[in-house]
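Thanks for coming, everyone. I would like to walk you through one structure today, going slowly from the overall picture to a few single residues.

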Amino acid sequence: VCPRSYPHYDSGGLTDVRRFVDLNIRDPGDTRVLTEMLELASKLGFKGITLSSERPQPQMMRNKALSVGIDLSNRIDLRPRSTNELSKALRRVRRKFEIIAVCCENKTVSRQAAKDHRVDILTFPPLRTNKSRVGLDRQGAALASKSNCAYEICLSDLLEPSVDRARFLIDLKRDISNAIHEGVPMVVSSGAGSPLQMREPRAIASITNLLGISKDKGLDAVSEIPRIILERNREKLRLGFISPGVKEVR
């Protein structure tokens with residue numbers, strides 16, 4: 001799936017049939033709380049949830065999610081300090097998780113992650129120290145577009161009390177401008193780690209209006225684009241997959 005083939009709807013009528021997916025729910029570390037979050041996600045209107053955790057969820061939890069109408073998938077967020085760390089981590093986790101995100105805190109790692117086809121999502125955290133924030137510049141966006149890597153906007157980053165929100169919004173707008181210019185697919189997620197941090201899908205998508213993204217593209221970022229990414233990766237994880245459209249027959 002090339003970036004240009006991602007949907008760009010201009011008809012509000014299609015929003016009624018969207019299947020909303022939150023690609024970034026953080027593992028609360030408590031099965032009871034996670035069950036509550038899955039039930040709440042269903043009530044809020046989600047059809048899919050991707051859980052960010054160091055370990056994949058067992059089939060039992062996937063079955064529990066399905067019982068409340070939620071398709072549960074697994075995600076890992078890598079925070080490598082070097083390209084060597086990134087390569088080792090990708091070899092270790094690619095076959096274990098449906099979504100691999102890389103938190104880019106230095107430019108060298110962000111460049112390598114952007115061009116690696118094993119990386120699904122690039123995240124650029126807000127500035128929390130005196131260091132300069134790494135963002136999605138034009139060169140990084142061009143690399144991400146070629147490798148079909150998505151750029152993530154995470155609502156929880158904007159809600160952190162320690163973040164300089166005005167400065168971070170300016171940075172996000174610059175990142176998004178570069179992503180749009182180079183055709184990088186964008187996803188927007190909640191980053192929720194508890195039921196209280198969860199939001200309904202249209203509320204998550206609405207933050208994109210402040211960042212210069214149209215209503216329909218904002219809704220795509222929490223529905224169609226996450227769905228396409230998941231479908232593509234699940235195809236890769238199936239036995240016999242060699243490359244898109246090519247399978248080994250046994």
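Before I name any element, one term has to be clear: the helices and strands I mention are DSSP runs, at least four residues for a helix and at least two for a strand, numbered from the N terminus. With that in hand, please keep in mind that what you see is a predicted model, and that the protein chain in it has 10 helices and 9 strands.

Let me begin with the chain as a whole. Of its 250 residues, 51% are buried, and the chain exposes about 12,400 Å², of which carbon and sulfur atoms supply 51%. If we take the contacts between residues at least 6 apart in sequence, 71% of them join residues that are at least 24 apart.

Now to the sheet. In what order do the strands of the open sheet lie? There are 7 of them, in the order E1-E2-E3-E4-E5-E6-E7, and the pairing is parallel. Strand E1, residues 20-26, and strand E7, residues 186-189, stand at the edges with a single partner strand each, so one side of each is left without a neighbour in the sheet. On average, and ignoring direction, neighbouring strands of this sheet are turned by 30° against each other.

At one edge, E1 pairs with strand E2, residues 46-52, in the parallel sense over 5 bridges. You can find Phe-20 with its bridge partner Phe-46 in E2, and you can also find Arg-26, whose bridge partner in E2 is Ser-52. Although E1 is an edge strand, it is mostly covered, with 6 of its 7 residues buried.

Toward the other edge we meet strand E6, residues 150-154, where 5 of the 5 residues are buried. Ala-150, Glu-152 and Cys-154 point one way from E6, while Tyr-151 and Ile-153 point the other way, and all of them are buried. On one side, strand E5, residues 121-123, pairs with E6 in the parallel sense over 2 bridges, and Ile-121 stands opposite Ala-150 there. E6 is also joined to E7 by 4 bridges, and these two strands run parallel; Glu-152 has Val-187 in E7 as its bridge partner.

Within E7, I would like you to look at Met-186. Is this residue buried or exposed? Its relative accessible area is 12%, and buried means under 20%, so Met-186 counts as buried. Leaving out residues up to four places away in sequence, Met-186 touches Tyr-151, Ile-176, Ala-179, Ile-180, Ile-213, Ala-221 and Ile-225. Among these, Ala-221 is 35 residues away from Met-186 in sequence, yet the two are 5.7 Å apart in space, C-alpha to C-alpha.

Finally, let us turn to a pair of helices. Helix H4, residues 107-115, and helix H5, residues 138-147, pack at an angle of about 25° with their axes 7 Å apart, and they are therefore roughly parallel to each other. H4 brings Arg-111, Ala-114 and Lys-115 to the contact, and H5 brings Gln-139, Gly-140, Leu-143, Ala-144 and Ser-147. Sorted by class, this contact has 3 nonpolar, 3 polar and 2 charged residues.

Ser-147, which lies in H5, is buried with a relative accessible area of 6%. Setting aside its neighbours within four places in sequence, Ser-147 is in contact with Ala-114, Lys-115, Asp-116 and His-117.

That is where I will stop, and I am glad to take questions.

Conventions
Residues are numbered from 1 along each chain as its sequence is written. This is a predicted model: local features need pLDDT of at least 70, side-chain atom pairs count only at pLDDT 80 or more; totals for chains, interfaces and linings use all residues. Side-chain values use heavy atoms; hydrogens and water are left out. Two strands pair if DSSP finds at least two bridges between them. Axes are lines fitted to C-alpha atoms, for helices over the stretch in contact, and angles run from 0 to 180 degrees between N-to-C directions. Buried means under 20% relative accessible area, exposed over 50%, partly exposed in between (1.4 Å probe, protein chains only). Contact means heavy atoms within 4.5 Å. Accessible areas come from the Shrake-Rupley method with a 1.4 Å probe; for residues, only the protein chains shown count as cover. Angles under 35 degrees count as roughly parallel, over 145 as roughly antiparallel, 65 to 115 as roughly perpendicular and the rest as oblique. Ala, Val, Leu, Ile, Met, Phe, Trp, Tyr, Cys and Pro count as nonpolar, Asp, Glu, Lys and Arg as charged, and the others, Gly among them, as polar.
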